[in-house]
Amino acid sequence: MKLNMCFDLKKNVEIEIFKFQQARQNPGETMNLYHSRLRKLEAPCKFTDVNKEIKSQINQSCTSQHLHWKTLRDSNMTLKTLLAEARVLEVSEQQATNIESPETANATLVTSEVKTARFFK
């Protein structure tokens with residue numbers, strides 16, 4: 001018999017909310033990956049409006065200052081719209097980097113395509 005079947009281990013919701021609120025987007029982490037990580041962290045939190053909580057957490061902890069400004073300008077922005085804006089900004093920033101540094105453009109593009117392909121599998 002497995003040990004976890006013998007004991008009913010309940011997660012402390014307050015601790016799980018604390019972990020969720022401490023999450024930050026890591027440098028180089030795409031918004032898709034960060035969003036997925038937040039989805040996993042929110043599961044045990046029992047939020048009544050999950051999308052609102054995730055949107056708020058992204059707004060407070062994303063690495064993109066441009067995205068942060070956009071969300072502050074539009075208080076009615078949904079999580080879906082915020083994620084779409086984040087993807088547009090990521091692609092724009094990547095393209096600008098490629099223009100500014102053409103010798104690394106091909107390597108960066110391949111890396112970005114591989115990450116995107118893995119996300120959508």
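## Helices and their angles

The axis of a helix is a line fitted to its C-alpha atoms over the stretch in contact, and the angle between two axes, taken between N-to-C directions, runs from 0 to 180 degrees. With that idea in hand, look at α2 and α4 in this predicted model: they pack at an angle of about 45°, and their axes are 9 Å apart. α2 is therefore oblique to α4.

Which residues make this contact? On the α2 side they are Phe20, Gln21 and Gln22, and on the α4 side they are Glu53, Ile54 and Gln57. Sorted by class, the contact of α2 with α4 has 2 nonpolar, 3 polar and 1 charged residues.

## The chain as a whole

Now step back to see the whole chain. There are 7 helices and 0 strands, so if you follow the sequence from one end to the other, you read the pattern α-α-α-α-α-α-α. The chain has 121 residues, and 27% of them count as buried.

How do distant parts of the sequence meet? Take the contacts between residues at least 6 apart in sequence: 52% of these join residues at least 24 apart.

## α2 beside α3

Helix α2 covers residues 13-22 and helix α3 covers residues 31-42. Their axes come within 9 Å of each other and cross at roughly 170°. Angles over 145 degrees count as roughly antiparallel, and that is why α2 is described as roughly antiparallel to α3. The crossing of α2 past α3 is left-handed.

You can find the contact in the structure by picking out Glu16, Lys19 and Phe20 in α2, together with Leu38, Leu41 and Glu42 in α3. By class, the contact of α2 with α3 is made up of 3 nonpolar, no polar and 3 charged residues. Phe20 may look familiar, since it also takes part in the contact of α2 with α4.

## A closer look at Leu41

Leu41 is a good residue to follow through this contact, as it sits in helix α3. Is Leu41 buried or exposed? With a relative accessibility of 23%, Leu41 counts as partly exposed.

Leaving out neighbours within four places in sequence, Leu41 is in contact with Glu16, Lys19, Phe20 and Ala23. Take Lys19 as an example: Leu41 and Lys19 are 22 residues apart along the chain, while their C-alpha atoms are separated by 7.3 Å.

## Ser61 in helix α4

Moving on to α4, we meet Ser61, which is found in that helix. Ser61 has a relative accessibility of 5%, so it counts as buried. What does Ser61 touch? Setting aside neighbours within four places in sequence, its contacts are Ala23, Arg24, Gln25 and Tyr34.

Another pair to locate is Ser61 and Asn26: they are 35 residues apart in sequence, and the distance from C-alpha to C-alpha is 9.3 Å. Ala23 also links back to the previous section, as it is in contact with Leu41 too.

## Lys46, an unusual backbone angle

Between α3 and α4 (50-61) there is a loop, and Lys46 lies in it. What is the phi of Lys46? It is near 60°, a positive value in a residue other than glycine. Most residues other than glycine have a negative phi. Lys46 is also exposed, with a relative accessible area of 67%.

## α5 beside α6

Further along, helix α5 (residues 65-73) packs against helix α6 (residues 79-100) at an angle of about 150°, and the two axes are 10 Å apart. These two helices are therefore roughly antiparallel to each other. Here α5 passes α6 in a right-handed crossing.

From α5, the contact uses His66, Leu67, Lys70 and Thr71. From α6, it uses Leu82, Glu85, Ala86, Leu89 and Glu93. The classes for the contact of α5 with α6 are 4 nonpolar, 2 polar and 3 charged residues.

## The cysteines

A disulfide is a covalent bond between the sulfur atoms of two cysteines. How many disulfides does this structure hold? The count is 0.

Two cysteines to find are Cys45 and Cys62. Cys45 is buried, at a relative accessible area of 2%. Cys62 is buried as well, with a value of 14%. The cut-off for buried is under 20% relative accessible area.

Key: Residues numbered from 1 in each chain as written. Predicted model: local features only at pLDDT ≥ 70, side-chain atom pairs only at ≥ 80, totals over all residues. Heavy atoms only, no water. Helix = DSSP H or I, 4+ residues; strand = E, 2+ residues; numbered from the N terminus. Parallel < 35°, antiparallel > 145°, perpendicular 65-115°, else oblique. Left-handed = near helix turned anticlockwise from the far one by under 90°. Contact = heavy atoms within 4.5 Å. Nonpolar A, V, L, I, M, F, W, Y, C, P; charged D, E, K, R; others polar. Disulfide = S-S within 2.5 Å. Buried < 20%, exposed > 50% of the residue type's maximum accessible area, 1.4 Å probe, protein only.
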